[in-house]
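I opened this notebook to record what I looked up in the structure. The entries are brief and follow the order of my reading.

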Amino acid sequence: MPKALQRLLLGLLLLLPLAAPAADADYFIAAKANEQARLLQDWAAQPDPARVELLSALQQGRIAAGDTRKLRLNNRLRGLVDNALASHQLLSADSTVRLAAAQQLQKSAQPAQVAFLDRRFASEADAAVHAALALALANLQLVDSDPAVRLAAVRLLGETGDPMARTRLEALLEPGVESNAGVRTAAETSLAQVKRKLLFGELLGQAFSGLSLGSILLLAALGLAITFGLLGVINMAHGEMLMLGAYATYVVQILVQRYVPEAIEFYPLIALPVAFAVSAGVGMLLERTVIRHLYGRPLETLLATWGISLILIQAIRLLFGAQNVEVANPAWLSGGLQVLPNLVLPYSRLVIIAFALFVVLLTWLLLNRTRLGLNVRAVTQNRNMAACCGVPTGRVDMLAFGLGSGIAGLGGVALSQIGNVGPDLGQSYIIDSFLVVVLGGVGQLAGSLWAAFGLGIANKLLEPQIGAVLGKILILALIILFIQKRPQGLFALKGRVID
Amino acid sequence: MNQPLLVTASQKAGPRWTLAIGTTVLLVLLALPVLSLLPAGHSLQVSAYTLTLVGKILCYAIVALALDLVWGYAGLLSLGHGLFFALGGYAMGMYLMREASGDGLPAFMTFLSWSELPWYWAGTQHFAWALCLVVLAPGLLALVFGYFAFRSRIKGVYFSIMTQALTFAGMLLFFRNETGFGGNNGFTHFRSILGFEITAQSTRAVLFLLTVALLVASLYLGWRLARSKFGRVLTALRDAENRLMFCGYDPRGFKLFVWVLSAVLCGLAGALYVPQVGIINPSEMSPTNSIEAAVWVALGGRGTLIGPLLGAGLVNGMKSWFTVAFPEYWLFCLGALFILVTLYLPRGVVGLLNKRGEQ
C-alpha cells in the first residue's frame, strides 16, 4: 500500500468520532513508528474514554488487555503512550487517578493538548488536581508566542508551591530566554512567591525529620533515664539493648517468612513483644549478675556495663556476621504522605513518632498508675526510706532494669524499620541518648520527652546550615553551657539531699 | 586509704624492694634500645617491631598514669583522654608532615587541591612551635572544658559522659576532610624528624629513650604530687567534696590544675607515640580507646601510680598476643576484663599484691 494512501486512511479514521476501539488497536499495530507517534499525539489532544483500555494495555507492553503478545515500543513511543494515557485519565471519575495524570502531564504535555487541558482546568472541582493542572497548563503556555498568554502562565506558576514551578521560572529568567519585560517582572515576583512557599515546606520538612530523630532518641533514652534515675548508674550496654531489639526483629522476620508467610505484612507487630522480652530478659539477667554487685559505685558500673556491651557486640558479630542484615519494610510502612508539593512524610517515620508517644504514655501509666510504678518512684526518691517501708528494693531494681531494657528493645524494632541493622547499631545512638538524659534530668519522663525532641529538632535544623558534624559539636557546647545554668537538667527532682 | 597507696606500699615493702624492682625494670627498658642497635642476626638483637611495640605500650602507660592522677586521686573518671593524646599526636604529626613534604603542601592537601596551608598550620615547620602546640592544644582545651565543667560542679557519671561526648565530637571533627588534618587517613608517611630519618634504628632508639624518660619524669611528678599537701587535698576532694568545701577549700582550682596537667601529659605521650608508630588518625579519638585506658587503670589499681603502668602493660601485652592468636575472641576477653576487674578487683592488681603483703 503506498504511504500516501495509508496516511489518508488514517486521517479519515481520526475524523470519525465513532471509530471503534478495536479499530484503533488494529491501526496502531499496523502503523509504522512515526505514524504511531502521530496517532498517540492526536489521541492525547482529543481524549476518548473508550481508548483508556487500549492505552493502559500499551503502557504495559501489550496490544490489548487480555492479549499475551508482547509489543516492542521505543522510549519515545513509550513516553507518548504515558502522556496519552494521562490525558485520557483526566476524564476519570477518581480524583487520585486524575491527580496522578495531571502530575504526569506536567512533565510530558505537548502544545497540542493546551485546548483540552484548558477545558479540564476550567471544569476541575478537586483542589489538588486543579493546582496540578494549573502547573501543567502553565508549563505549556510559557512557550506560547503571545506575551499575554505567557504573562498569565507566569502568574499561574506563582500561585503554586511546586519545586517544578521554581525550575521553570528560573529557566525563564535566564538571560536571553524571555524578551518581554512585563513577563520578566511578573516572573520575578512569581519566583519570589514560589520560593517563599517552598521555604515553608523545607522548614516543615526539617522540623519533621527533627521530630522523627527525636522520637528515636526518646525510645533510646527513655529506658536509660529510668534506670539512671532509679539506680544512679549509667548503663553503657543500653545501646546494645536497642541492637538486640533490632536483631530480634530480624529473626522474627525470617521465622515468619519461613513458617507463616501469609502474616509477613504484620511481622513488626509480632516482633514488638519478642524484642521487648529479649531485651528485658537480657537486662534483668545483667542486673542480677553484674550490676547489683556494683551499687553505690557508679563509675565502676559504667566500666562493667561497657564490658558487657563489648561482649554483646562481639557475640552478635559471631552469630550473625559483621555485615548489616536486611530487615524489609512491610508494604503498609513504605511510601509516604504528600503534604506539600515538596514535602513527603514517610509512613514509617509517622508510625514511629506515634509509636514513641504511645510508649511514653504506657510508661507514664506504668509508673504512675501501678503498684510497681509506685515502688519505682519511691526507690528513686529515697532508697533507704523505701526499704524501711517494706518496698522490696532488689526486686524493684530488677524489674525496673528489665523495663528500661525492654523499652530499648522496642526502640530497636522501630530503628530496624528506618535504618541499617548491624552489630554497631547501638553505639551510634548511645552518646546522643546520654545527652538526652543529661539535658532532661534523671528519672523524669517529661524531661526526657522535651530533651529528646528538642535535641532532635535542633540537630536537624542546624544540619543544613552548618553541616551535621559542626551541628553536633555546637549542640554539645550548648549543652555544656546549659548545664552551667541548670546542673540538674531541665526538670529536676526537688529535694534537699546532699551527700 | 588516707595515704596514696604507692606511699603505703613502699612503706610496707620497705624502700629496698621498691627500689630494687624499679631499678631492674628501668635497666631493662634502658637496655632495649641499646640492644636494638646490635647488628641483625645477633642473638641478643631486639627487632624494630618489639621496640616499637614496647615504645607504644610505654606511651599508653603515660596515658594511664595521667588518667590515674585525675581518676585515682581526684575521683574524676575521664572517658575522653584519647582526645588529648590524639591532639598531642596531631600537633607532632603536623611537624612531621611539613618535614616530609619540604616546601610544598602535605600530600593530602594537594590531593584536595588546596593551594595554601590553613592558618593553624602556620609555624608548624619549626620543631619548637610544634612542641609548644603539643602542650598548648590539649592544655587549652582541657582548661576551657574543665573551667566550665568544674564551675558548675559536674562530677561523677555526668562528667564521664560529657568527656566521652567531647572526644566523640573531636573524632567527628577530625574525620572531616575540610578540618585540614587529613580526614579519614590522618597523617602517615613520615620521613624524618629534625633531619634524622624516622625509620632508622638509632632514631627509634632515641625516641624510645625519650619515652622512658618522660615516663620516669611523670612518675616522679605524680609521686611528688601525691605525697604533697596538694595530693592530700585531691584525695579529700574525691572522698568528700562537700566537707572539703566546708573546711574552706575551693575545689575548683585543685581539680582544674590536675585535670590540665593530666591532659598535657597525655598530649606529650601522643607526641612521642606518633613518630614511633608512624601514623595518627581520628580513630585514636574514638570513645572506645579512651574507655580502654580506664580499664588499664582499674586493672592496675587506682590511686597507686605504679598500678596503671602495670595495667597498661598487661592489657596491651595481652591485646598484642590475642589479636594475633585469637582475633575474634579479644573483645570477649576485654569485656570480661572490664567486668571481672570491677567486680572482684576494686583495688586492682597492686591492691591484691598489697593484701598478700599484709597477710
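The entries below go from domains to strands, then to the contact between chains, and last to the cores.

**Entry 1: the model and its domains.** I noted at the outset that this is a predicted model. I then looked up how chain A is divided, and I found domain 1, covering 3–199, and domain 2, covering 205–485. I recorded that 50 Å separates the C-alpha centres of domain 1 of chain A and domain 2 of chain A.

**Entry 2: a hairpin in chain A.** I turned to strand β1 (residues 336–340) of chain A and strand β2 (residues 343–346) of chain A, which run antiparallel and are joined by 4 bridges. Which residue is the bridge partner of A:Leu340 in β2(A)? I found that A:Leu343 is this partner. I also wrote down that β1(A) and β2(A) form a hairpin, with 2 residues between them.

**Entry 3: where chain B touches chain A.** I looked up the contact between the two chains and found 36 residues of chain B in contact with 32 residues of chain A. On the side of chain B that touches chain A, I listed the elements that give two or more residues: α5 (127–151), α6 (156–175), α11 (287–300) and α13 (330–344) of chain B. I noted that α6(B) gives the most to this side, with 13 residues. I then read how the residues of this side of chain B divide, and recorded 25 nonpolar, 7 polar and 4 charged.

**Entry 4: one residue in a strand of chain B.** I chose B:Glu197, which has its place in strand β3 (residues 196–197) of chain B. Is B:Glu197 buried or exposed? I entered it as exposed, because B:Glu197 has 12 C-beta neighbours inside 10 Å, and a residue with 12 or fewer counts as exposed. Leaving out residues up to four places away in sequence, I found that B:Glu197 touches B:Ser192 and B:Thr203.

**Entry 5: the nonpolar cores.** I looked up the largest nonpolar core, which has 191 residues, and noted that B:Ile62, B:Val63 and B:Ala64 touch the most other members. Helix α2 (residues 48–73) of chain B gives the most to this core, with 17 residues. I followed B:Ala64 further: not counting residues up to four places away in sequence, the residues that B:Ala64 touches include B:Ala293, B:Trp296, B:Val297 and B:Pro308. Finally, I recorded another core that lies apart from the largest one, with 43 residues, among them A:Leu54, A:Leu85, A:Ala101 and A:Val154.

Note on methods: Residues numbered from 1 in each chain as written. Chains lettered and ligands numbered in written order. Predicted model: local features only at pLDDT ≥ 70, side-chain atom pairs only at ≥ 80, totals over all residues. Domains from an automatic or database assignment. Pairing = 2+ DSSP bridges. Contact = placed C-beta atoms within 7 Å. Nonpolar A, V, L, I, M, F, W, Y, C, P; charged D, E, K, R; others polar. Buried ≥ 20, exposed ≤ 12 C-beta atoms within 10 Å, placed from the backbone. Core = buried A, V, L, I, M, F, W, Y, C linked by C-beta atoms within 7 Å.
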